[in-house]
Structure formats: structure tokens, C-alpha cells
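Me: I'd like to learn how to read a structure like this one, feature by feature. Can you walk me through it?

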Amino acid sequence: MTDDPGPAANLFALARNGDTAALAAHLDAGMPADLANGRGDTLLMLAAYHGHPATVAELLARGAAADQINEREQTPLAGAVFKGHAEVVRVLLAAGADPDAGSPSARQAAAMFGRDDLLAGQP
């Protein structure tokens with residue numbers, strides 16, 4: 001784990017900004033797909049929370065854990081549901097993200113924020 005300030009700050013910014021190509025170049029150079037900052041937010045969490053489905057898909061394809069929980073017990077799926085990023089939710093669910101993982105889970109977040117439509121059809 002690393003904090004945002006310092007050498008990895010650029011990598012977290014790439015995930016937040018959805019710069020898929022630049023992030024992929026770092027992954028190709030050996031950066032771990034599950035790199036996390038001091039709060040436990042992975043690159044996937046940041047890309048999901050900020051609404052970048054292509055970046056989310058790239059990270060998942062390169063082995064990022066879909067259900068990695070941060071220090072607040074949140075998952076990327078719950079973050080995407082909270083923010084209302086339907087396409088990111090679709091990508092995460094297609095990759096097998098668990099709508100009941102974390103606390104609050106994506107399912108609980110959907111109910112709290114009136115976004116049940118984002119998880120429609122999920123058992």
C-alpha cells in the first residue's frame with residue numbers, strides 16, 4: 001500500500017482521470033493491478049468511483065480484484081452504485097463483482113440512494 005503523495009501519486013491520478021492507455025503502459029512495465037493507496041483504495045476503486053468503464057475493464061482484464069475492500073469496507077461496485085455510474089456497474093457485474101460484498105454493500109447503497117435500477121436482475 002502507498003499513500004497518494006509520492007512516487008505512485010501519478011498512477012492513482014491516471015486511474016481517477018480514466019487515462020486507460022497510460023495506466024496500461026505502467027501495468028505492462030510491472031505495476032501491480034491491485035496497487036492501493038494508504039486508505040486501501042485500489043486503482044480499480046478510483047477508476048470505478050470516478051466513472052471510467054474502459055479503465056475499469058482494463059484493470060479487471062489484468063487481474064484487479066473486483067471485490068477488493070478499502071479501509072472503509074467499500075468495494076468498487078458499491079462506489080460505482082453510490083455515484084450512479086451505470087456502465088461501470090455493468091462492467092463490474094460482468095466480471096463477477098459481488099453486490100453483497102462490503103459494508104455498505106452495493107445492494108445496500110442502491111437501496112439507500114434510490115438506485116435499485118443499477119442492480120436490476122441481480123439475485
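Reply: Let's begin with a term: a salt bridge is a side-chain nitrogen of Lys or Arg within 4 Å of a carboxyl oxygen of Asp or Glu. Side chains of opposite charge can pair when their charged atoms come close. Here, Arg72 and Asp41 meet that way through their side chains (3.7 Å, N to O). This pair links distant parts of the chain, with Arg72 in the loop between α4 and α5, Asp41 in the loop between α2 and α3, and their positions 31 residues apart. Helices, by the way, are DSSP runs (H or I, at least four residues; strands are E, at least two), numbered from the N terminus.

Me: Before I go on, what kind of model is this, and how is it numbered?

Reply: This is a predicted model, in which local features need pLDDT of at least 70, side-chain atom pairs count only at pLDDT 80 or more, and totals for chains, interfaces and linings use all residues. Residues are numbered from 1 along each chain as its sequence is written, and side-chain values use heavy atoms, with hydrogens and water left out.

Me: What is the mean pLDDT of the protein?

Reply: pLDDT is the predictor's confidence in each residue, from 0 to 100. Where pLDDT is low, the predicted coordinates should not be read in detail. For this protein the mean is 92, and 93% of the residues reach 70 or more. Among the elements, helix α1 (residues 9-17) has the lowest mean pLDDT, 92, while helix α4 (residues 53-61) has the highest, 98.

Me: Back to Asp41: is it buried or exposed?

Reply: Buried means under 20% relative accessible area, exposed means over 50%, and partly exposed is in between (1.4 Å probe, protein chains only). Asp41 has 5% relative accessibility, so it counts as buried. Its partner Arg72 is partly exposed, because its value is 41%.

Me: Which other side chains does Asp41 pair with?

Reply: There's a second salt bridge, to Arg39 (3.9 Å, N to O). Arg39 is partly exposed, at 34% relative accessible area. Asp41 also makes a polar contact, side chain to side chain, with Asn70 at 2.8 Å. A polar contact is a pair of N or O atoms within 3.5 Å; within protein, one must be able to donate a hydrogen and the other to accept it, and residues adjacent in sequence count only if both atoms are side-chain atoms.

Me: And which residues does Asp41 touch?

Reply: Contact means heavy atoms within 4.5 Å. Leaving out residues up to four places away in sequence, Asp41 touches Phe12, Leu35, Ala36, Leu46, Asn70 and Arg72.

Me: How many salt bridges does the structure hold?

Reply: There are 6. One of them joins the side chains of Arg90 and Glu87 at 2.6 Å, N to O. An α-helix has 3.6 residues a turn, so residues three or four places apart point the same way. Arg90 and Glu87 fit that picture: both lie in helix α6, 3 residues apart, about one turn of the helix. Both count as partly exposed, Arg90 at 47% and Glu87 at 38%. Elsewhere, salt bridges that share partners join Asp28, Glu58 and Arg62 into one network.

Me: How do I read burial for a whole helix, say α5?

Reply: Count its buried residues. In α5 (residues 76-83), 6 of the 8 residues are buried, so the helix is largely enclosed by the rest of the structure. Those six are Pro76, Leu77, Ala78, Gly79, Ala80 and Val81. Their cover includes α3 (43-49), α6 (86-94) and α7. After α5 comes Gly84, with a positive phi near 80°.

Me: What does the side chain of Thr75 reach?

Reply: Thr75 sits in the loop between α4 and α5, and its side chain reaches the backbone nitrogen of Ala78 at 3.1 Å. Thr75 is buried, with a relative accessible area of 0%. Beyond four places in sequence, its contacts include Met45, Asp67 and Ala101.

Me: Which residues form the nonpolar patch on the surface?

Reply: Patches are made of residues with over 30% relative accessible area and no salt bridge; like charges are joined within 9 Å, nonpolar side chains (Val, Leu, Ile, Met, Phe, Trp, Tyr) within 5 Å. Accessible areas come from the Shrake-Rupley method with a 1.4 Å probe, and for residues only the protein chains shown count as cover. Here the patch is Phe82, Met112 and Phe113, with about 300 Å² of accessible area together. Met112 belongs to helix α7 (residues 106-112) and is exposed, at 53% relative accessible area.
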